[in-house]
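Please open the model in a viewer and keep the sequence panel visible. The tour below proceeds by selection, with a description at each stop.

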Amino acid sequence: MATAQSGFGFGGTGLVPSLAGWTSMGSGPLYRRLAEAIRGAIRRSEMPSGTRLPTERALAVELSVSRSTVVAAYDLLREEGWLESRQGSGTWVRRHSSVVRFGEDRAGFVGRATASFRALIEGPGEGVEFTCAALTAGDLFAGPAMARALEDLDRAARDGIGYEAIGYAPLRAAIADHLTRRWSMPTTMDEVIITTGAQQAVGLAAALYARPGDVALVEDPTYLAAIDMFTAAGLRLLPVPIGVQGIRADRLRDAAIASSPRLAYLMPTYHNPTGALMPARERIEIAAAANELQLPIVEDLTVADLPLGDEPPPPIGAFQGDVPVLTIGSLSKLLWGGLRIGWIRAPAPVVQRLARMKLVTDHGTSTVSQIVALHLMDDLDAIRERRRETVRERKAMLEGLLGEWLPGWTWDPPGGGLCLWVRIPVGDATSFALAATRHGVTVVPGPMTSVDGKFSDRIRLPFVLDPDAMRDGVERLASAWREYEAEADSAPRAVRIVV
Ligand SMILES: Cc1ncc(COP(=O)(O)O)c(C=O)c1O
């Protein structure tokens with residue numbers, strides 16, 4: 001592929017094969033469809049960083065559209081950060097920045113989470129963030145557990161140096177007990193390693209099985225920060241579509257046979273972002289397929305403790321054969337994300353290998369956090385019930401507000417978790433998300449959750465905000481939507497960059 005560095009442009013019909021079928025991509029005016037097609041080609045690495053694009057006039061002639069359509073598409077992509085131009089030098093796919101490298105994908109983008117969860121990096125800003133699916137802790141730390149934790153901390157700090165890559169033993173035992181009782185998955189403490197959040201757990205699990213260039217099977221859509229992490233680790237991702245009951249065992253099997261992935265990363269219990277719940281039958285079949293195909297499964301159950309209805313079936317790990325199933329969990333959604341406590345449940349020898357890898361990464365998760373978490377877990381069942389109550393109320397509130405302010409938006413009821421996977425009736429979720437930022441509200445557009453940018457009719461809306469912020473956020477979304485719908489009907493024009 002020609003690049004700006006090499007000094008060769010596409011010329012002739014070079015770009016056109018990558019844009020095949022562009023008029024039927026996405027929705028809305030032609031310039032948006034063209035932009036979607038170019039975005040897709042960049043995401044698929046058909047146009048790597050630095051690739052020079054044809055002039056607007058040349059592309060317009062090749063595609064038999066007006067020059068203003070190409071101008072508007074390039075403007076949009078420039079403003080979204082996909083393209084760069086300089087007067088007299090033309091337009092090219094944005095090059096890698098020499099400063100920000102970690103988390104960039106092959107098209108030169110800083111990770112999806114970086115783009116979507118702005119507040120995680122820059123701190124809280126103006127407006128309403130419908131991006132992070134996490135709750136505040138409320139009065140969690142105001143009770144007597146903290147006094148007990150401080151005493152324990154004093155003792156632990158006098159007796160030990162506080163470095164334990166595998167995790168603080170009493171917390172490992174408490175997590176093993178939680179998995180045995182609550183998740184119907186008999187577990188001993190030597191099958192548990194504590195991690196710095198589920199986020200680190202996902203990274204460690206992937207690094208255990210895959211090297212740069214290896215293939216990892218993921219659901220489509222999937223957890224967007226997992227896409228970042230796997231991409232940053234140099235893995236190639238194999239997206240497999242899911243249905244209302246999550247990924248199907250036969251699809252997983254077919255994809256695995258065709259592409260030999262090194263691992264499969266799944267969210268069977270309240271999939272993020274769709275909220276899908278995989279039935280027990282499918283879990284058993286997936287464990288069997290994993291065994292037969294020698295395919296390690298990494299199941300991420302970060303939100304499994306937040307069912308909206310009945311309790312879920314046991315994790316896939318409960319049915320594992322000889323091939324390991326790594327079951328990831330977290331206290332971030334049940335207690336507080338600021339604790340940064342997650343875990344991996346795996347066969348004891350695998351836990352030992354993970355501990356060696358974690359040692360290299362960070363020498364161990366904060367013992368202070370682990371001791372605090374341990375004491376909060378004394379009251380876990382009651383905390384869990386209160387959390388579920390809060391989550392149910394907020395879900396009902398978000399659904400009510402959307403019904404009132406955005407009646408054309410629809411969604412399937414999630415089985416659990418913290419998000420609605422909302423279908424917008426017209427337009428393109430990525431450009432709507434950009435438009436929404438002008439109204440002081442941020443959302444995650446569906447394509448962010450998809451390896452090759454599908455789900456342009458979806459946005460992910462967590463139901464975690466407190467009532468005032470949630471109402472404010474939905475009203476802002478509604479005014480953004482009114483403007484966006486009107487604009488979608490009008491002539492092409494550039495959308496101002498805000499993120
Ligand atoms: C599916 C999934 N995995 C992992 C994480 C990261 O969780 P943690 O805060 O425990 O690192 C999240 C956070 O939202 C998540 O939704």
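## The loop before helix H9

Begin by selecting Pro 221, which sits in the loop between strand S5 (215-220) and H9. This is a predicted model, and the geometry described here is that of the prediction. The peptide bond leading from Asp 220 into Pro 221 is cis, with omega near 10°. As background, most residues other than glycine have a negative phi, and most peptide bonds are trans.

Extend the selection to helix H9 itself, residues 224-232. Is this helix mostly covered or mostly open? It is mostly covered, as eight of its nine residues are buried. The buried residues are Leu 224, Ala 225, Ala 226, Ile 227, Asp 228, Met 229, Phe 230 and Thr 231. Just after H9, select Gly 234, where phi is positive at about 80°.

## The nonpolar cores

Next select Ala 206. Its contacts, apart from neighbours within four places in sequence, are Ala 216, Met 229, Phe 230, Ala 233, Leu 235, Leu 263 and Val 298. Met 229 and Phe 230 in that list are among the buried residues of H9.

Add Ile 344 and Ala 373 to the selection. Together with Ala 206, these residues touch the most other members of the largest nonpolar core, which has 116 residues. At least three residues of this core come from each of domain 2 (112-137 + 382-489) and domain 3 (140-380). There is also a second, separate core of 25 residues, and Leu 15, Ile 38, Tyr 74 and Trp 92 are included in it.

## The hairpin of S1 and S2

From Trp 92, widen the selection to strand S1 (residues 83-86) and strand S2 (residues 90-93). The two strands pair in the antiparallel sense over four bridges. Leu 83 stands opposite Val 93 of S2. Three residues lie between the strands of this hairpin, and Gly 88 has a positive phi near 85°.

## The ligand shell

Now select the ligand and the residues around it. Which residues are closest? Of the 14 that surround the ligand, the closest are Gly 197, Ala 198, Gln 199, Ser 330 and Ser 332. Helix H8 (residues 197-209) supplies the largest share of the shell, four residues. By class, the shell comprises five nonpolar residues, eight polar and one charged.

## Glu 164 and its distant partners

Move to Glu 164, in the loop between helix H6 (145-159) and helix H7 (169-181). Is Glu 164 buried or exposed? Glu 164 is buried, because 20 other C-beta atoms lie within 10 Å. Leaving out residues up to four places away in sequence, Glu 164 touches Gly 364 and Thr 367. Draw a distance from its C-alpha atom to that of Leu 359: the two are 195 residues apart along the chain and separated by 8.3 Å.

## Arg 482 on helix H16

Select Arg 482, which belongs to helix H16 (residues 467-489). Arg 482 counts as partly exposed because it has 13 C-beta neighbours inside 10 Å. Leu 406 is 76 residues from Arg 482 in sequence, yet the C-alpha atoms are 9.4 Å apart.

## Backbone details in three loops

Select Pro 273 in the loop between strand S7 (263-266) and helix H11 (280-293). A cis peptide bond joins Asn 272 to Pro 273, with omega about 20°.

Follow H11 to Gln 294, placed in the loop between H11 and strand S8 (297-300). Gln 294 has a positive phi near 55°, in a residue other than glycine. Gln 294 counts as exposed because it has 11 C-beta neighbours inside 10 Å.

Finish this group at Ser 64, in the loop between helix H2 (56-63) and helix H3 (67-79). Ser 64 is a residue other than glycine with a positive phi, near 55°. With 6 C-beta neighbours inside 10 Å, Ser 64 therefore counts as exposed.

## The whole chain

Finally, clear the selection and display the whole protein chain, which has 16 helices and 13 strands. Of its 499 residues, 51% count as buried. Among contacts between residues at least 6 apart in sequence, 75% join residues at least 24 apart.

Conventions
Residues numbered from 1 in each chain as written. Predicted model: local features only at pLDDT ≥ 70, side-chain atom pairs only at ≥ 80, totals over all residues. Core = buried A, V, L, I, M, F, W, Y, C linked by C-beta atoms within 7 Å. Buried ≥ 20, exposed ≤ 12 C-beta atoms within 10 Å, placed from the backbone. Domains from an automatic or database assignment. Contact = placed C-beta atoms within 7 Å. Near = placed C-beta within 6 Å. Nonpolar A, V, L, I, M, F, W, Y, C, P; charged D, E, K, R; others polar. Pairing = 2+ DSSP bridges.
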